[in-house]
Amino acid sequence: MNNKIVHDALVLFAFTVVLGFLLGVVYGVTKEPIEKVNYEKTQAAYKQVFADADSFEAYEGFDADAANALVAENGFADEILDAQVAKDAGGKKMHKKYLLSCKMFCGECGPSQSTITFSVGIQNDGTVNGYSITSIAETPGLGMKAQEESFYSQFQGKAVDSFTVVKSAPAADNEIESISGSTITSKAMANGVNACICYFRNVLTGGASS
């Protein structure tokens with residue numbers, strides 16, 4: 001009986017080792033192609049915000065912990081994930097054009113995934129070029145409407161301290177008309193953009209990018 005238990009344990013152990021090895025091989029083979037696809041997808045999303053940019057590189061002074069401490073101190077629950085600087089076709093940094101990636105909670109995006117990750121383009125004079133969503137819940141619903149041009153175009157070309165959501169036609173540059181029946185998502189998107197503006201004004205204004 002004991003010999004059988006030992007035999008079964010050894011077989012299970014050997015099976016686990018082989019399975020682990022095979023998974024490692026598969027991961028090693030697929031890791032680079034997956035990373036390449038994700039990189040290209042992200043770069044394409046970035047270019048939706050700065051169409052005249054050829055590529056983007058990480059802003060050297062970005063500190064995620066400091067960034068999120070800053071936005072939290074200013075009352076935002078959003079998370080700043082990254083900061084990028086736009087580059088031209090020759091690989092030179094374009095004149096102070098920044099792209100900030102943000103993750104926020106969305107209560108209308110479906111139960112399987114409750115966050116939206118998006119990137120906000122901001123020029124050095126504070127003008128918001130717009131935003132591009134890089135990750136959103138697949139479940140169809142009200143949250144998906146944040147990707148519609150009729151909503152996101154309202155943020156484009158605006159140089160304001162912050163955005164606020166209204167239910168009627170906007171009367172000022174800082175006012176964003178909410179998505180019909182989706183005020184939660186509308187406010188969440190505006191708050192996410194505001195968090196990026198907050199980081200920009202406190203850290204990036206006048207930063208080194210030439």
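Among contacts in the chain between residues at least 6 apart in sequence, what percentage join residues at least 24 apart? The figure is 57%. Keep that in mind while moving through this model, which is predicted.

**Whole chain**

Start with the full chain selected and coloured by secondary structure. Four helices and seven strands should appear. Followed along the sequence, they come in the order α-β-α-β-β-β-β-α-β-β-α. Switch to a surface view next: the chain exposes about 11700 Å², and 56% of that is supplied by carbon and sulfur atoms. Of the 210 residues, 39% count as buried.

**Helices α2 and α4**

Now select residues 64-73, which form helix α2, and residues 183-204, which form helix α4. Their axes lie 10 Å apart, and the two helices pack at an angle of about 110°. An angle of 65 to 115 degrees counts as roughly perpendicular, and α2 and α4 are therefore roughly perpendicular to each other. The crossing of α2 past α4 is right-handed.

Show side chains where the two helices meet. On the α2 side, pick Ala-67, Leu-70 and Val-71; on the α4 side, pick Ala-195, Cys-198, Tyr-199, Asn-202 and Val-203. Sorted by class, this contact of α2 with α4 has seven nonpolar residues, one polar residue and no charged residues.

**Asn-74**

Go next to Asn-74, in the loop between α2 and β2 (79-87). Is Asn-74 buried, partly exposed or exposed? Its relative accessible area is 43%, so Asn-74 is partly exposed; the partly exposed class lies between 20% and 50%. Draw a distance from the C-alpha atom of Asn-74 to that of Ala-195: the separation is 8.3 Å, although the two residues are 121 residues apart along the chain. Ala-195 has already been selected, as one of the α4 residues in the contact with α2.

**Thr-164**

The last stop is Thr-164, in strand β6 (residues 164-166). Thr-164 is partly exposed, with a relative accessible area of 35%. Which residues does Thr-164 contact, leaving aside its neighbours within four places in sequence? Select Asn-174, Glu-175 and Ile-176 to see them. Then draw a distance between the C-alpha atoms of Thr-164 and Asn-194; they are separated by 9.0 Å, and the residues are 30 residues apart along the chain. Asn-194 leads back to helix α4, which covers residues 183-204, and the tour ends there.

Note on methods. Residues numbered from 1 in each chain as written. Predicted model: local features only at pLDDT ≥ 70, side-chain atom pairs only at ≥ 80, totals over all residues. Heavy atoms only, no water. Axes fitted to C-alpha atoms, helices over the stretch in contact; angles between N-to-C directions. Parallel < 35°, antiparallel > 145°, perpendicular 65-115°, else oblique. Left-handed = near helix turned anticlockwise from the far one by under 90°. Contact = heavy atoms within 4.5 Å. Nonpolar A, V, L, I, M, F, W, Y, C, P; charged D, E, K, R; others polar. Buried < 20%, exposed > 50% of the residue type's maximum accessible area, 1.4 Å probe, protein only. Areas by Shrake-Rupley, 256 points an atom, 1.4 Å probe, with all protein chains shown as cover.
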